[in-house]
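Student: Could you take me through one part of this model in detail? I'd like a close look at the place where protein and DNA meet.

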Number of protein chains: 2
Amino acid sequence: MEKSKEKGLKLTPQRMVLFHILSEDDRHMTADEIYQKARAEHPMLSPATVYRNMEQLVEAGLLSHLDLGGPSTRYDTNLDDHHHFVCEKCGKVMDVYLKDIRYELDPEKSDLSDVRIDSSQLYLHGVCGECG
Amino acid sequence: MEKSKEKGLKLTPQRMVLFHILSEDDRHMTADEIYQKARAEHPMLSPATVYRNMEQLVEAGLLSHLDLGGPSTRYDTNLDDHHHFVCEKCGKVMDVYLKDIRYELDPEKSDLSDVRIDSSQLYLHGVCGECG
DNA sequence: TAGCATATAAGAATAATTATCACTTGATAA
DNA sequence: TTATCAAGTGATAATTATTCTTATATGCTA
Ligand SMILES: [Mn+2]
Ligand SMILES: [Mn+2]
Ligand SMILES: [Zn+2]
Ligand SMILES: [Zn+2]
């Protein structure tokens, strides 16, 4: 929370509410989910403020985007190096930690010799225990 | 193209145009890109028809969604088992074929014992040759 | 505590997609 | 052929997610 000040972001009441919501660790929330929770604490809060702040926090490196399928962007408060499992039935997202991931390109079918790979993300799709 | 009939989809002129566009293999197009190309051949075509048909083709298993980040859904005509590289600069999407992929869960940090994994998708992010 | 850069609420604007619905058409059978 | 009818279509309205605009307000620093 103090980190946001270091990044030049003012500590406004709205932001405090957002930090509070995010710290309650219901990870992978959409902007709207965050908004719905936050307005309970701060009814005047506007959706635009949520969107604006989420993006600023991403830029400041305090959050990350999550590009799962589905319509709305999700934000991940978990900055560890990790991957995701998505339940196709209920949409639940679970963090997946890997000890190791390795893959071998098929050089006859994909030529990645001139690209620079910065990161890789593994998405596992399936059915979670509750939906199974 | 004939496969769509097998799936109970009528062979309408609009669909023929869409099949033509899709067969020209400019893969990973958005619905709007498809629409823009298609209306050159069939000016009366409406966007709703494109969206409707793309979804039907996905359901029929003749196309697949692509859940990259970004606003609009992309469709993939490549039904092979493959993965993707996305250029962060220009947004270009390249198919990635792997000979092999294997990963080891960290059992202390992720418990996937009660989930069923149906598929996995690897997304590589980086900078392509042209943007590099 | 004054001044200013930053942040805010509200609402308009935009983009992507989906829903509705009256009308049309392809496929099949008479 | 023609009749039948489920499936498909275009136009348009509606939704959803998000961004922009702007007048006002507020943290922070000097
Ligand atoms: Mn996560
Ligand atoms: Mn592909
Ligand atoms: Zn589930
Ligand atoms: Zn590029």
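**Up close with the DNA**

Tutor: Sure, and keep in mind that this is a predicted model. Let's begin with DNA strand D: the residues of the surface near it divide into seven nonpolar, nine polar and five charged. In total, 21 residues surround DNA strand D, and the closest are A:T73, B:T12, B:Q14, B:R15 and B:T49. As for where they sit, α4 (47-59) of chain A, α2 (13-23) of chain B and α4 (47-59) of chain B each supply at least two residues of that surface. The largest share, four residues, comes from α4(B).

What does the protein touch on this strand? Of the atoms of DNA strand D within 4 Å of the protein, 75% belong to sugar or phosphate, and the rest belong to bases. Some individual contacts put atoms to that. A polar side-chain atom of B:N53 lies 3.1 Å from a phosphate oxygen of DNA strand D. B:M44 uses its backbone instead, with an N or O atom 3.4 Å from a phosphate oxygen of the strand. For a base contact, look at B:R52, where a polar side-chain atom lies 3.3 Å from a base nitrogen of DNA strand D.

Now turn to DNA strand C. Around this strand there are 21 residues, and the closest are A:T12, A:Q14, A:T49, B:Y51 and B:T73. Sugar and phosphate make up 68% of the strand's atoms that come within 4 Å of the protein. Two of those threonines reach phosphate oxygens through their side chains: an N or O atom of A:T12 is 2.8 Å from one, and for A:T49 the distance is 2.2 Å. Over on chain B, a polar backbone atom of B:L11 is 3.5 Å from a phosphate oxygen of DNA strand C. The elements giving two or more residues to the surface here are α2 (13-23) and α4 of chain A, together with α4 of chain B. α4(A) gives the most, with five residues. By residue type, the surface near DNA strand C divides into seven nonpolar, nine polar and five charged.

So put the two strands side by side as you turn the model. The top contributor near DNA strand D is α4(B), while near DNA strand C that place goes to α4(A). Both chains appear in each list of closest residues, with A:T73 beside the chain B residues for DNA strand D, and B:Y51 and B:T73 beside the chain A residues for DNA strand C.

Notes: Residues are numbered from 1 along each chain as its sequence is written. Chains are lettered from A and ligands numbered from 1 in the order in which they are written. This is a predicted model: local features need pLDDT of at least 70, side-chain atom pairs count only at pLDDT 80 or more; totals for chains, interfaces and linings use all residues. Side-chain values use heavy atoms; hydrogens and water are left out. A residue is near a molecule or strand if one of its heavy atoms lies within 4 Å of it. A polar contact is a pair of N or O atoms within 3.5 Å; within protein, one must be able to donate a hydrogen and the other to accept it, and residues adjacent in sequence count only if both atoms are side-chain atoms. Ala, Val, Leu, Ile, Met, Phe, Trp, Tyr, Cys and Pro count as nonpolar, Asp, Glu, Lys and Arg as charged, and the others, Gly among them, as polar.
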